[in-house]
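This report covers one helix pair, two backbone outliers and the cysteines. The structure comes first.

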Amino acid sequence: MRNALSELGWNATFADALARIDRKDVLSDVGRVQRLDRGWSTVLVARAKNSTSTEEVLVELRARNIGADVAVGDWVVLSADGERVEHVVPRVSQLIRRASSDGPKAVPQVIAANIDVVFLVHAVNARLNQRRLERELVLAFDSGATPVIVLTKSDATSGETARDTTDAISAIALGVPVHVVSSVTGDGLQALLTYAAGGETLAVLGASGVGKSTLVNALTGTDSQQTGAIRRGDQRGRHTTTAVDLVPLPERGWLVDTPGLRAIGLWSSGRGIERAFADIFNLADHCRFRDCKHEREPGCAVQQAIAEGRLDARRLEAMRRLVAEEAALEREQARAKRR
Ligand SMILES: Nc1nc2c(ncn2[C@@H]2O[C@H](COP(=O)(O)OP(=O)(O)O)[C@@H](O)[C@H]2O)c(=O)[nH]1
Ligand SMILES: [Mg+2]
Ligand SMILES: [Zn+2]
């Protein structure tokens, strides 16, 4: 068996980041956060299988998060007594959103950390919520993870509908792979597992009811996530995911299920919008004026594409709203920093 920590996703990048942390206590454990509840982390650490063997296994420890800002997927250093999370190793990626989209104060919520690939999950048998997909793509591109679009419930619609939806998405989400799968028949699942073939960590993101938990269970071959399917004698029904959890995949790699997020408020602003709207940015390269606002300027390639039916005006409008939201957030964050 390979080194247990490297099977968990530990690599030279994290080791370098850890080496730069000023640690007084060198004897403390390094582990990965599997689950959070209230002020506690469940942390996976490597231990010798027994006193005579060099083989390692992963074991769960529980530690307090006092003062530490921890997310599922984080690499952490525990205090010598193993009771507290002492340090969080700098993340290579983080899925982060604005915690409340209606409150006046901007507070970030890290949904998951150190994710390599994020599955943006939509149900193919329902009308595509394009505005939501756009937001998810911005969040994913800004996170540092690689987005992949997963259309679930292929068994509940025709192949033709699935192809039309795939084509429509591919035309706007440039360079983002689209997979059509069914967690019921197992169709397409093997292709999703290849994203974790090198030991990567995957996350699923999507609205409630699109089939995230059913997908996680099908991929992991377990029943770790409660799903919305109503069981006999258990009428709790839909919207049942509460905990975020780092779950092992059958061969290699890890998977994080996230609760269904009703709102996806933007938080970090990097080049996410530019990448999620690459089709519009490509058009804008051909506008006559470099600072074209794509309103009434002559020689505007964006307006021309709308006039010719090659670009949906609502998509341009959606991009403008996200740009405005990000600008407002930046002002808010700057104000908070000055305070
Ligand atoms: N037909 C079909 N139903 C599915 C599939 N995946 C999930 N569902 C159903 O969709 C509902 C919501 O699934 P769930 O995994 O709880 O969604 P979540 O809220 O995104 O976690 C449940 O009734 C599932 O049984 C699928 O691939 N095919
Ligand atoms: Mg769920
Ligand atoms: Zn223009």
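**Helix packing**

In this predicted model, helix α3 (residues 130-143) packs against helix α10 (residues 313-338) at an angle of about 45°, and their axes lie 11 Å apart. The arrangement of α3 relative to α10 is therefore oblique. Their crossing is right-handed.

Which residues of α3 and α10 make the contact? From α3 come Gln130, Arg131, Glu134, Arg135, Val138 and Asp142. From α10 come Arg314, Arg315, Ala318, Arg321, Leu322, Glu325 and Glu326. By class, the contact of α3 with α10 holds 9 charged, 3 nonpolar and 1 polar residues.

**Positive phi outside glycine**

Asn114 and Lys153 each deserve a look at the backbone. Asn114 has a phi near 55°, a positive value in a residue other than glycine. Asn114 sits in the loop that links β7 (108-113) and β8 (117-123). Is Asn114 buried or exposed? With a relative accessible area of 2%, Asn114 is buried, because the cut-off for buried is under 20%.

Lys153 also has a positive phi for a residue other than glycine, near 65°. The loop between β9 (146-152) and α4 (159-172) contains Lys153. Here the relative accessible area is 28%, so Lys153 counts as partly exposed.

**Cysteines**

How many disulfides does the structure hold? The count is 0. Two cysteines can still be placed by accessibility. Cys292 has 10% relative accessibility and so counts as buried. Cys300, at 6% relative accessibility, is buried too.

The accessibility values for these residues are set out below.

| Residue | Relative accessible area | Class |
|---|---|---|
| Asn114 | 2% | buried |
| Lys153 | 28% | partly exposed |
| Cys292 | 10% | buried |
| Cys300 | 6% | buried |

**The whole protein**

The wider view takes in the full chain. The protein has 10 helices and 13 strands. Of its 339 residues, 45% are buried. Asn114 is one of the buried residues, and Cys292 is another.

What share of the contacts with a separation of 6 or more comes from residues 24 or more positions apart? In this protein the share is 62%. The pairing of α3 (residues 130-143) with α10 (residues 313-338) joins two stretches of the sequence, with Val138 of α3 and Leu322 of α10 among the residues in contact.

Technical notes
Residues are numbered from 1 along each chain as its sequence is written. Chains are lettered from A and ligands numbered from 1 in the order in which they are written. This is a predicted model: local features need pLDDT of at least 70, side-chain atom pairs count only at pLDDT 80 or more; totals for chains, interfaces and linings use all residues. Side-chain values use heavy atoms; hydrogens and water are left out. Axes are lines fitted to C-alpha atoms, for helices over the stretch in contact, and angles run from 0 to 180 degrees between N-to-C directions. Helices (H or I, at least four residues) and strands (E, at least two) are DSSP runs, numbered from the N terminus. Angles under 35 degrees count as roughly parallel, over 145 as roughly antiparallel, 65 to 115 as roughly perpendicular and the rest as oblique. A crossing is left-handed if the near helix is turned anticlockwise from the far one by less than a right angle, and right-handed if clockwise. Contact means heavy atoms within 4.5 Å. Ala, Val, Leu, Ile, Met, Phe, Trp, Tyr, Cys and Pro count as nonpolar, Asp, Glu, Lys and Arg as charged, and the others, Gly among them, as polar. A disulfide is a pair of cysteine sulfur atoms within 2.5 Å. Buried means under 20% relative accessible area, exposed over 50%, partly exposed in between (1.4 Å probe, protein chains only).
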